[in-house]
Amino acid sequence: MSEEKDWIDDVLDDKPITWWQIAKIEGLMETSSVGQDYININLEKLTYEQGNKIIYHLKENDNPRDCREQFYKVLRRERD
């Protein structure tokens, strides 16, 4: 695969963040240990891809409030 960008890459790079991504980021910021890293970011100015990267980062460092979810997260870590 070549490193050159096609026209579709230019279109997708400029796609703005969606409302569900903003809602997901705001929700994860409350339970993630790295949520404070994104407090001063204007979410509405991000791109779709930047939103996905932030969601992934927040999910990786998420600390669920529910004890059952915490237990399942530990079990998933042990399997990997």
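Here is a walk through the fold, from its helices to its core and then to a few individual residues. The model you are looking at is predicted, so please read everything below with that in mind.

Let us begin with the overall layout. The chain contains 4 helices and 0 strands, and from the N terminus on its elements run α-α-α-α. Of its 80 residues, 24% are buried. If you take the contacts in the chain with a separation of 6 or more, 65% of them come from residues 24 or more positions apart.

A good place to look next is the pair formed by H2 and H3. Helix H2 covers residues 19–31 and helix H3 covers residues 48–60. Their axes lie 10 Å apart, and the two helices pack at an angle of about 25°. Angles under 35 degrees count as roughly parallel, and H2 and H3 are therefore roughly parallel to each other. The crossing in which H2 passes H3 is left-handed. On the H2 side, the residues that meet H3 are Trp-20, Gln-21, Lys-24, Ile-25, Leu-28 and Met-29. Facing them from H3 are Tyr-48, Gly-51, Asn-52, Ile-54, Ile-55, Leu-58 and Lys-59.

From this pair we can move to the nonpolar core. The largest one has 11 residues, namely Ile-17, Ile-22, Ile-25, Leu-28, Val-34, Tyr-38, Leu-43, Leu-46, Ile-54, Ile-55 and Leu-58. H2 and H3 each supply at least two residues of this core. Val-34, one of the core members, is worth a closer look. Setting aside neighbours within four places in sequence, Val-34 is in contact with His-57, Leu-58 and Asn-61.

Leu-58 also leads us to Gly-35, a residue in the loop between H2 and H3. Beyond its neighbours within four places in sequence, Gly-35 is in contact with Met-29 and Leu-58. Is Gly-35 buried or exposed? Its relative accessible area is 2%, and buried means under 20%, so Gly-35 counts as buried. You can also place it relative to H2: the C-alpha atoms of Gly-35 and Ile-25, 10 residues apart along the chain, are separated by 8.8 Å.

Our last stop is a polar pair. Thr-31 sits in helix H2, while Asp-62 is in the loop between H3 and helix H4, which spans residues 67–79. Which residue does the side chain of Thr-31 reach with a polar contact? The partner is the side chain of Asp-62, at 2.4 Å. With the cut-off for burial at under 20% relative accessible area, both partners qualify: Thr-31 is buried at 18% relative accessibility, and Asp-62 is buried with a relative accessible area of 15%.

The surroundings of the two partners complete the picture. Not counting residues up to four places away in sequence, Thr-31 touches Asn-61, Asp-62, Asn-63 and Arg-65. For Asp-62, leaving aside its neighbours within four places in sequence, the contacts are Leu-28, Thr-31, Ser-32 and Lys-73. Among these, Leu-28 is a familiar name, since this residue belongs to the nonpolar core and is one of the H2 residues that meet H3.

Key: Residues numbered from 1 in each chain as written. Predicted model: local features only at pLDDT ≥ 70, side-chain atom pairs only at ≥ 80, totals over all residues. Heavy atoms only, no water. Core = buried A, V, L, I, M, F, W, Y, C linked by side-chain atoms within 4.5 Å. Buried < 20%, exposed > 50% of the residue type's maximum accessible area, 1.4 Å probe, protein only. Contact = heavy atoms within 4.5 Å. Axes fitted to C-alpha atoms, helices over the stretch in contact; angles between N-to-C directions. Parallel < 35°, antiparallel > 145°, perpendicular 65-115°, else oblique. Left-handed = near helix turned anticlockwise from the far one by under 90°. Polar contact = N/O pair within 3.5 Å; in protein donor to acceptor, adjacent residues only side chain to side chain.
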